[in-house]
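Trainee: Please take a close look at one part of this model, the largest pocket, and tell me what lines it.

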Amino acid sequence: MRVDASFAIKTEKIKNILVRGTNWVGDAVMTLPALAAIRQNFPGARITVLAKPWVQGVYAHCPDIDGIMTFDQQAGFLNSRYYRSRYLLIRQLRNQQFDMAVLLQNAFEAALIAFGAGIPCRVGYNTDRRSWLLTHKVRISEEILSVHQVYYYLGMLESLGWTVKEPAPRLLITSREKEKAVRYLTDKGWQEPDLLLGFNPGAFFGPAKRWLPEYYAAVADRAVQHYGAKCIIFGSTSDLPAAREMASRMQSAQPILSAGETGLEELPGLLSMCSLFITNDSGLMHMAAALGIPVIAIFGSTDPRTTSPYGEEHTVIYRRVPCSPCLRRECPTDHKCMKAVTVDDVWQAVVEKQESRARK
C-alpha cells in the first residue's frame with residue numbers, strides 16, 4: 001500500500017499518542033494487535049485510546065495502553081448539542097498536547113477532531129474523503145479489503161514502516177474479575193469442576209447473522225445429556241429475545257441466562273470460565289477468542305475471511321449459498337445460509353473440541 005506523507009515521523013520525538021478506537025466491540029478486539037504494535041514501536045510513549053463508552057470494557061482489558069477517553073454522540077448532526085460536545089472534546093484533546101493521532105476508525109469525523117485538536121501528526125487510511133486532514137494517509141487497496149480485519153489494521157501501520165509482529169488479539173483479566181465471575185456462576189448453580197459451555201444466540205448487527213435459537217437449544221441439550229454440562233447464555237439487553245427463546249426451547253436442565261444481566265466490564269471474566277463458546281459472528285465471538293477460549297462460530301450473511309475469530313484453535317461453520325455473504329441486517333428471503341448449518345454440524349464440532357480437550 002502507498003503512503004502519502006507531509007513529513008517523516010521522527011519516532012524519538014513521539015511521546016504522547018492518541019489512538020481513535022473503533023466503535024463496535026468486535027472491531028475493537030480486532031484492533032488489539034495494532035495497539036500492541038504501536039506500543040512496540042513507541043515503547044516510551046503514553047498511549048491513550050479515544051472511544052465510545054460501549055467499547056470501553058474492551059480497551060480496559062488491553063495491556064498495551066495507558067488510558068482511555070470516552071465520548072458519546074449525544075445528538076445528531078443537525079442538533080446544536082452535537083457541535084458543542086465536539087467543541088468541548090477538541091478543546092480537551094488540545095489541552096492534552098498529543099504528538100500523534102493514529103486513526104484506526106475510518107470516519108471523516110475522526111480525522112476532523114484530530115485536526116481541530118492541533119495534533120501535528122495524523123495517520124490513517126484515506127477513507128471517507130478525509131485525506132486532506134491527514135499528514136500521513138495510507139491508500140486503501142483491494143488486497144487489504146479482502147484480508148482478515150486484524151491484518152487490515154496492522155497493514156496500515158506496516159505501510160508506515162513500523163515493525164509489526166502480527167500477534168493474536170489478547171485481553172487480560174484480573175484475579176478479582178475471575179473471583180467475581182466464580183461468585184456469579186456459583187450463585188446460579190454452577191460448581192467446579194462442572195463443564196461450562198457458553199452460547200451466544202444473538203448478534204447486534206441484525207437477525208441475518210443469527211443461527212436459529214431452537215438449533216442452539218438442541219445443541220445445548222445434547223451437551224447436558226452427553227457431558228453433564230452447565231450452559232450459560234450470553235448477550236446484551238437487545239439479545240434477550242433470542243436468549244430467552246433458546247432457554248425456553250431447552251428440554252434438559254435450565255441454563256444460566258446472563259443476557260442483559262452483565263455489562264461489558266464483567267463479560268471477560270465470565271467468558272474466561274467457559275471451556276467452549278458457541279456463537280454467531282459477533283463482538284462476543286471476538287472477545288472469547290481474545291481470551292483464549294475455543295470458539296465454534298456460525299457464519300451466514302457475513303464473510304468469515306475477514307471477520308472470523310482469529311486463531312487456529314477455532315472452528316468456523318459456514319455453508320455458502322448463492323446469496324451469501326450478503327452483509328444484510330435482515331434476510332430478504334428464507335434465511336437459507338443459516339438453515340444450511342444443521343444441529344449435527346455444530347454438535348460434531350463440539351464433540352471434536354471436547355475430544356481435543358481430553359487429549360491435553
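Mentor: A pocket here is an open set of grid points where a 1.4 Å probe fits, with protein on both sides within 12 Å along at least five of seven lines. The model is a predicted one, and its largest pocket has a volume of about 1400 Å³. The lining of this pocket consists of 47 residues. Those nearest the pocket centre are Trp24, Val25, Gly26, Asp27 and Lys209. By class, the lining holds 22 polar, 18 nonpolar and seven charged residues.

Next, the helices. At least two lining residues come from each of H1 (25-30), H6 (142-145), H7 (149-159), H12 (283-290) and H13 (304-307). H1 gives the largest share, with four residues.

One of these helices, H7, also takes part in a ring pair: tyrosine 151 lies in H7, and its partner, tyrosine 310, lies in the loop between H13 and strand S13 (315-318). The two rings are 5.9 Å apart centre to centre, with 55 degrees between their planes, so the pair counts as tilted, the edge-to-face class being reserved for angles over 60 degrees. The partners are 159 residues apart in sequence, so the pair ties together distant stretches of the chain. Tyrosine 151 is partly exposed, at 28% relative accessible area. Tyrosine 310, at 19%, counts as buried, because the cut-off for buried is under 20%. In total the structure holds 12 aromatic pairs. Elsewhere, ring pairs join Phe199, Trp211, Tyr215 and Tyr216 into a cluster.

Definitions and conventions
Residues numbered from 1 in each chain as written. Predicted model: local features only at pLDDT ≥ 70, side-chain atom pairs only at ≥ 80, totals over all residues. Heavy atoms only, no water. 1 Å grid on protein atoms, 1.4 Å probe; cavity = no way out; pocket = protein on both sides within 12 Å on 5 of 7 lines; lining within 4 Å. Points joined across faces, edges and corners; volume = space filled by probe spheres on them. Nonpolar A, V, L, I, M, F, W, Y, C, P; charged D, E, K, R; others polar. Phe/Tyr/Trp six-rings, centres within 6.5 Å; stacked < 30°, edge-to-face > 60°. Buried < 20%, exposed > 50% of the residue type's maximum accessible area, 1.4 Å probe, protein only.
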